[in-house]
Amino acid sequence: MPTNLPPEAMDKWELIEQAKTPKEKMEAMQEFLRYVPHHKGTMKLRGEMNRKIALIREDLEKKKRLGTGKSSGGPKLFIEKAASAQLALIGMTNVGKSCLMCATTNSKVVVTPTPFSTHEPVPGIMNFLDVQFQIVEAPAVMEGAAEGKAGGNVTLGLARNADGLILMLDLSRDPVAQLELILDELEKTRVLVSKPSGGRVQIERRPAGSRLRIIIVGRLIDCSMRDIEELLRNYKINDAVVHISGAVTLGDVEDAIYENTIYKPAVIVANKLDLPGTMVNLRRLKEHVKDKLPIVPMSCERKLGMHELGKAIFESLGIIRIYTKEPGAKVHSDHPFTLRKGATVNELAKNIHKELLVNFMFAMVWAKRLPFSPKKVGLNFVLDDGDIIEIHARIA
Ligand SMILES: Nc1nc2c(ncn2[C@@H]2O[C@H](COP(=O)(O)OP(=O)(O)OP(=O)(O)O)[C@@H](O)[C@H]2O)c(=O)[nH]1
Ligand SMILES: [Mg+2]
């Protein structure tokens, strides 16, 4: 059912999006709700907003009690992104998260049988081929994390902010139960790991200036592309990629705006394969997951499965490596640019420098899939993993 919000409410929505602190966000939500009329169509929205307000309020009060309301002290909710992608390492206590950090990244964390020993996010850099991933060990997740139990807000906040997730399970305990618990807590905060098959709308926010792109793999029931665009613009959502799959109504799109459901690529790490009896659990896990998510069997203690983990992360993120060179010079072979699959020369040029895009003339591409290399291409040329490219631009 549509919410039919008055324009004032839509204006207020923008303030929620722009809020920089949780307190600002909470106040903007309260202000927004003042303009939302009470009727059946807005029931779900009001419930959703009130739930979010309650969560923020609880968090702020807790910080006040602990005296950590200021930026100093208290666990950091967001770790500044570094490398090609940031992955949140999520798992129950003692599954071996710190051990994985030590085995695969440059970070020095304490590995111990004491439960809940990592209570603040810890970042580390993992090298795979010539790309780097930033892995952030999140404090252990437990039942009730979505309600804030055991620093759950920090862990789930990290998951929401990361580019991808590593869901870590201990094969010496029931891996299916661990996985379901993690997925449950994530879902309560509207973070999903794979796209469900029914009608779904996913709105990926993009930086200002990226514009709106609507990708439909399915069908619109009661609206056109134009209606969706208009709806998003009314909410001042001008820069986003909207993926629509299955049969979707305009109401579903509006729901997606409020619910803020996001989908994260994820890889499952099934750890402690060195322990006796774990093969049976691995088999059970595989039967349960089927091909919905990749599973990497590992023994972090014995450093087994590390390359496979890198490969699974790389593939799940859907990234490609693009090597650049200046005309007449050698390829920068150690430092490729990483872009999303399907990226064009345009995105690469923008990534390198805005000026390069403005002054772009043409590019030369060397690629195995081309019948002959180099090929002279324009901004719309779609790049692929391993391409070498030389951009020619006017001298500004
Ligand atoms: N046998 C075996 N033990 C492991 C493996 N990985 C980790 N462990 C052990 O599991 C225990 C917990 O490891 P940690 O890496 O500290 O676990 P964690 O998930 O970081 O735990 P918290 O941060 O405390 O929630 C330690 O005693 C490790 O030695 C593994 O691959 N095999
Ligand atoms: Mg730890």
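## What "buried" means here

A residue counts as buried when its relative accessible area is under 20%, and as exposed when that value is over 50%, with partly exposed in between. Keep that yardstick handy while you look at this structure, which is a predicted model. Take Trp-13: its relative accessible area is 3%, and the cut-off for buried is under 20%, so Trp-13 counts as buried.

## An aromatic trio

Let's stay with Trp-13, since its ring has company. Two rings are described by how far apart their centres are and by the angle between their planes. The structure holds three aromatic pairs. In one of them, Trp-13 meets Phe-32 edge-to-face, with 5.2 Å between the centres and 65 degrees between the planes. Trp-13 sits in helix α1 (residues 7–18) and Phe-32 in helix α2 (residues 22–34), so this pair ties together parts that are 19 residues apart in sequence. And is Phe-32 buried or exposed? With a relative accessibility of 0%, Phe-32 is buried.

Trp-13 has another partner, Tyr-235. Their ring centres are 5.9 Å apart and the planes stand at 85 degrees, so this pair is edge-to-face as well. Here the link reaches across distant parts of the chain: Trp-13 is in helix α1, while Tyr-235 is in the loop between α7 (225–234) and β8 (240–248), 222 residues apart. Both Trp-13 and Tyr-235 are buried. Put the picture together and you get one aromatic cluster made of Trp-13, Phe-32 and Tyr-235.

## Around ligand 1

Now hop over to ligand 1. Which residues come nearest to it? Out of 24 residues around ligand 1, they are Thr-93, Ser-98, Ser-117, Asp-274 and Glu-301. If you sort the shell by type, you find nine nonpolar, ten polar and five charged residues. Helix α4 (residues 97–104) gives the largest share of that shell, with three residues.

The backbone gets involved too. An oxygen atom of ligand 1 lies 2.8 Å from a backbone N or O atom of Ser-98. For Cys-300, a backbone N or O atom is 3.0 Å from an oxygen atom of the ligand, and for Thr-114 a polar backbone atom is 3.5 Å from a ligand oxygen. How much of ligand 1 does the protein bury? Taken alone, ligand 1 exposes 660 Å², and the protein buries 91% of that.

## Two buried polar residues

Buried residues aren't always greasy ones, as two examples show. Gln-86 lies in strand β1 (residues 85–91). Its relative accessibility is 1%, which means it counts as buried. The side chain of Gln-86 makes a polar contact of 2.9 Å with the side chain of Gln-134.

Thr-42 is the other example, and you'll find it in the loop between α2 and α3 (43–66). At 0% relative accessibility, Thr-42 is buried. A polar atom of the Thr-42 side chain lies 2.9 Å from the backbone oxygen of His-39.

## A few charged residues

For contrast, have a look at Glu-355 in helix α12 (residues 354–358). Its relative accessibility is 44%, which lies between the 20% and 50% cut-offs, so Glu-355 counts as partly exposed. Measuring from C-alpha to C-alpha, Glu-355 and Arg-394 are 9.8 Å apart in space, and they are 39 residues apart in sequence.

One last stop: Lys-376 lies over the face of Phe-362, at 4.5 Å from the ring centre.

Key: Residues numbered from 1 in each chain as written. Chains lettered and ligands numbered in written order. Predicted model: local features only at pLDDT ≥ 70, side-chain atom pairs only at ≥ 80, totals over all residues. Heavy atoms only, no water. Near = heavy atom within 4 Å. Polar contact = N/O pair within 3.5 Å; in protein donor to acceptor, adjacent residues only side chain to side chain. Areas by Shrake-Rupley, 256 points an atom, 1.4 Å probe, with all protein chains shown as cover. Helix = DSSP H or I, 4+ residues; strand = E, 2+ residues; numbered from the N terminus. Nonpolar A, V, L, I, M, F, W, Y, C, P; charged D, E, K, R; others polar. Phe/Tyr/Trp six-rings, centres within 6.5 Å; stacked < 30°, edge-to-face > 60°. Buried < 20%, exposed > 50% of the residue type's maximum accessible area, 1.4 Å probe, protein only. Lys NZ or Arg CZ within 6 Å of the ring centre and 35° of its normal.
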